Amino acid sequence: LLAGNTSSAVNSGPNLEINSRPAENAEKTEDGLLTDTAIAKKVKPSVVGIVVYVNSGRQYQMYGQGSGIIMSTDGYIISNAHVFMTEEGTLVNSIQVYLDNEESYGAELIGIDVRSDLAVIKIKANNLTKAEFGDSSTVEVGERVLAIGNPNGMELAGSVTGGIVSAVNRNIKSSSSGFSMTCIQTDAAINPGNSGGALVNAYGQVIGINSSKIVANEYEGIGFAIAIKPIVDSLVVNGFVAGRVKVGITYQEIDKFTAALNDVPMGLQVMSIDATLDVAKSGLQVGDIITKMDGKDTITTEDVTEFLRTKKPGETVKMTV
């Protein structure tokens, strides 16, 4: 029979000892850098949760979640552009921001740039804890970084993951916009909901905005963050990136295989034309395939990006279609 209780010990042995946490008399490592704990304490109050809603016709419904970084004490917040876009390419109808202290505010979209995947929103609040931003051009491969954000949305708000800078100046094509972006590659865990969160160096400075990762069973630890200046400054002042040219069309790439299947040339097939811009009067039509711009082969998004960097607003472009 098994005994239920006994007042005398059957076996004698050591007790588990629980020690008090040592006093933290330094927040820096021996080489002067902040500890990971100190970095998290410094930056977490500046990272917010973002929930966006769309109007389905009869009611507002939650569409997605993301992260953001407070850039000023009076409520300006940086995030990713794709956080505020639907799959159809339209803007969401409503934005709600949740601070680290669980206060929430409605937000206004100040500016958005799909090409760089950056956006600025604003809440009506004061005395916020703004992040310290660092120079992303000085980032080196191998340095320690932390990613702070909300993987899986508000359910896991304020999560901190760590890693190193795996590479700098990576030219990555965005799956949401089709544009190429220059990114910092890291192996710190970045998951859905982390978009718009902070990539932080060992000084507690934000050096990039977490944007994306390679998602496949064969890949692990390949995430990307976007360098943000001077795009953000222009978004705050203008609501758009000043000085950047816009032709006024959307297109899809016709690659070699697709061209051969359909017996058409490689190039950029026009999908839509902005009726408010000069291109609408040029004779270009939806369905046309653009093969050259100013006599230069233009058959990929990268070709277009490089070509338009040489142009200024008001200049003309000759298209071969």
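Tutor: A strand here is a DSSP run of E, at least two residues, numbered from the N terminus. The model is predicted.

Student: Where is T291 found?

Tutor: T291 is in the loop between β15 (289-290) and β16 (292-293).

Student: Why is T291 called buried?

Tutor: Buried means under 20% relative accessible area. T291 has 18%, so T291 is buried.

Student: Which residues is T291 in contact with, leaving aside neighbours within four places in sequence?

Tutor: Contact means heavy atoms within 4.5 Å. T291 contacts P265, M266, K296, D297, T298, I299 and T320.

Student: What makes K122 lie over the face of Y76?

Tutor: One criterion is NZ of Lys within 6 Å of the ring centre. The value for K122 is 5.4 Å from the ring centre of Y76. The other criterion is a position within 35 degrees of the ring normal. K122 is listed over the face of Y76.

Student: How many aromatic pairs does the structure hold?

Tutor: Zero. A pair needs ring centres within 6.5 Å.

Student: How do you know that β3 and β6 pair?

Tutor: Pairing takes at least two bridges found by DSSP. Four bridges join β3 (residues 76-79) to β6 (residues 118-123), and the two strands run antiparallel. I78 stands opposite V120 in β6.

Student: What packs on the sheet there?

Tutor: Helix α2 (residues 231-238) does, touching β3, β5 (104-113) and β6. The direction of α2 makes about 50° with that of β6.

Student: In what order do the six strands close into a barrel?

Tutor: The order is β1-β2-β3-β6-β5-β4, with antiparallel pairing. Neighbouring strands of this sheet are turned by 40° against each other on average, direction ignored.

How values were computed
Residues are numbered from 1 along each chain as its sequence is written. This is a predicted model: local features need pLDDT of at least 70, side-chain atom pairs count only at pLDDT 80 or more; totals for chains, interfaces and linings use all residues. Side-chain values use heavy atoms; hydrogens and water are left out. Buried means under 20% relative accessible area, exposed over 50%, partly exposed in between (1.4 Å probe, protein chains only). Rings of Phe, Tyr and Trp (its six-membered ring) pair if their centres lie within 6.5 Å; planes under 30 degrees apart count as stacked, over 60 as edge-to-face and the rest as tilted. Axes are lines fitted to C-alpha atoms, for helices over the stretch in contact, and angles run from 0 to 180 degrees between N-to-C directions.
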